[in-house]
Amino acid sequence: MSSPAQIEYPEKIDGAVLKIAGVVVLGAIMSILDITVVNVALPDLQVTFTGKDNPLPYSTVAWTVTAYTLALATVIPLTGWAADRFGTKRLYMAALTLFTLGSALCAAATSINMLILFRVIQGLGGGLLMPLGMVIMTKAAGPARMGRLMAILGVPMLLGPILGPILGGYLIDAVSWHWIFLINLPLGIAALGYAWWALASDKPEPSESFDFVGMLLMSPGLAFFLYGISSIPTAGTFFSGRVLGFAGVGLALMVAFVFYSFKPEHPLLDLRLFKNRNLTWSIVTMFIFAGAFFGGLLLVPTYLQQVRGEGAFDAGLLVAPQGIGAMLTMPIAGALADKIPVGRIVPVGLVLITGGMFALTQVDGTTSYWGYLIPVLFVMGLGMGATMMPLMTSALKTLTAHQVARGSTLLNISQQVASSIGVAIISVVLTNGLKNDDLVSQARGFAEASKGLDPSQTGGLLEKFPLVGNILSQFQDPAAGAAALQSAVQNAMGEVFGSTFLIAAIMVSFTLVSAWFLPRKHEESHLLDDEDAAEVAPPVILH
């Protein structure tokens, strides 16, 4: 069998590819932005449906985030099969439609249960957008331009965490919580029109039968596992019945899927792709990196709001230097990834991130923004820009056109699972650290017990809270004592955050080990050898 003629790709990023990149970036921004924008709305949602006198528990409204994440994780494994069955353009437009419809329904919700349900619908669409976007971009670019194209795809990954808190805080303060969902309507309609115009109709190749057994094992297994992991912060421990029950069942289903997946010719997730050394070590590095970095990323805005008293909008602005740093290095790293092995690029970025994370262990209640925090975040951003997209490039550039959908699915699932685990670990460490700090816990107890009391009536409480009493007793003026207490508690909380950053720093340092196995020499594709080369379908050029 003769090998099909290979398509010649231009060396430079041309207008045709940028047109397609615009479609993918717009859809990815919608999906990622909605993950972060809702986080700042949770305090508002606690009182939206029940009133300020009867706020909902935080654990209840947090389901608006968890439900979206679970829907995302459930649908991602279907991406590879669905892309072959329905075609990437048709499936991408269907995902945009579902996401936009879910956004409109979320804005119209009249109860917290309705909002959670509609977030599931939104997540089913959002879960397809990122892996499909990778497939579309990879087919359009060809292997020689993968690094530069991945740098473009990295834009929404940066804009989401940067713009999400800023945009969410502004919309909630200026209008209402409904607009964090309504803003997706014009974006979704524009993205649909753009996709219809820019993407060519590719021919579906439904040559594979659907792996029903794999779906019944993998999708519920992933959802149960992530639900169990997401319950850890609420439970306060890894060993609660709900955590162990759901996570254990989910893990058992996923282990069963691993053993089963080597039997069918076309499994739901093609774990045989791990024969590719580049893909394997890229995913391992990405898994460790996502767990540590996204877990640590959660700490910075939380520190700014809880310790330093910043509002959601101001906290978002203060985190922005990290994104600016990433925007500087991402296009450079993308261009370099097309010329030199990623094993010589990624370790540099990981060293910057690891150093920055260890620097954050020194924060306290009065750490200077411009003198310390902002420069550290900027350096971490430089590292992030040099890490994420080269890793994805290394994972996908040696796969055949047919395997890219499955490779991007594996990448997205590993990143989703890792970030959920990382966030859960960091949340538990932080929560328990604040709970176990004597001064912080006594100050909270004193504040609760003295609520509604005149300062002259709180004397009897001080024996119950001796650390608070020691501080207040040094001042005759109640206002001065309260200010000193607040400053002491602020410093104590800052030190707890510093200790939690240490856990994230240790976690992210392990990426330096796995990054050692990334390719440091130019290598040909491991999956285009021998008889495979004759069976490779040429990539589809989309217009």
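Author: Accessible areas here come from the Shrake-Rupley method with a 1.4 Å probe. The model under discussion is predicted.

Reader: What share of the area that the chain exposes do carbon and sulfur atoms supply?

Author: The chain exposes about 22,900 Å². Of this area, the part supplied by carbon and sulfur atoms is 66%.

Reader: How many helices and how many strands does the secondary structure of the chain come to, and what percentage of its residues are buried?

Author: The secondary structure comes to 24 helices and 0 strands. The chain has 543 residues. Buried residues make up 54%.

Reader: Among contacts between residues at least 6 apart in sequence, what percentage join residues at least 24 apart?

Author: Contact means heavy atoms within 4.5 Å. Among the contacts in the chain between residues at least 6 apart in sequence, those that join residues at least 24 apart make up 82%.

Reader: In which helix is confidence lowest, and in which is it highest?

Author: The chain averages a pLDDT of 80, and 86% of the residues score at least 70. Over residues 525-543 the pLDDT is below 50, and this stretch has 44 contacts in the model beyond near neighbours in sequence. Where pLDDT is low, the predicted coordinates should not be read in detail. Confidence is lowest in helix 24, at a mean of 38, and highest, at 94, in helix 16.

Reader: Is serine 282 buried or exposed, and which residues is it in contact with beyond its neighbours within four places in sequence?

Author: Serine 282 lies in helix 14, which spans residues 277-306. Its relative accessible area is 0%, and buried means under 20%, so serine 282 is buried. Leaving aside neighbours within four places in sequence, serine 282 is in contact with Leu391, Ser394, Ala395 and Leu518.

Reader: Which residues of helix 5 are buried, and what phi does glycine 87 take?

Author: Helix 5 covers residues 79-86, where Thr79, Gly80, Ala82, Ala83 and Asp84 are buried. Just after helix 5, glycine 87 takes a positive phi of about 90°.

Reader: Why is tryptophan 516 classed as it is, buried or exposed, and which nonpolar surface patch does Trp516 help to make?

Author: Tryptophan 516 is found in the loop between helix 23 (511-515) and helix 24 (532-535). Its relative accessible area is 57%, and the cut-off for exposed is over 50%, so tryptophan 516 is exposed. A nonpolar surface patch of about 680 Å² is made by Phe358, Leu502, Ile506, Phe510, Val513, Trp516 and Phe517.

Methods. Residues are numbered from 1 along each chain as its sequence is written. This is a predicted model: local features need pLDDT of at least 70, side-chain atom pairs count only at pLDDT 80 or more; totals for chains, interfaces and linings use all residues. Side-chain values use heavy atoms; hydrogens and water are left out. Patches are made of residues with over 30% relative accessible area and no salt bridge: like charges are joined within 9 Å, nonpolar side chains (Val, Leu, Ile, Met, Phe, Trp, Tyr) within 5 Å. A salt bridge is a side-chain nitrogen of Lys or Arg within 4 Å of a carboxyl oxygen of Asp or Glu. Helices (H or I, at least four residues) and strands (E, at least two) are DSSP runs, numbered from the N terminus. Buried means under 20% relative accessible area, exposed over 50%, partly exposed in between (1.4 Å probe, protein chains only). pLDDT is the predictor's confidence in each residue, from 0 to 100.
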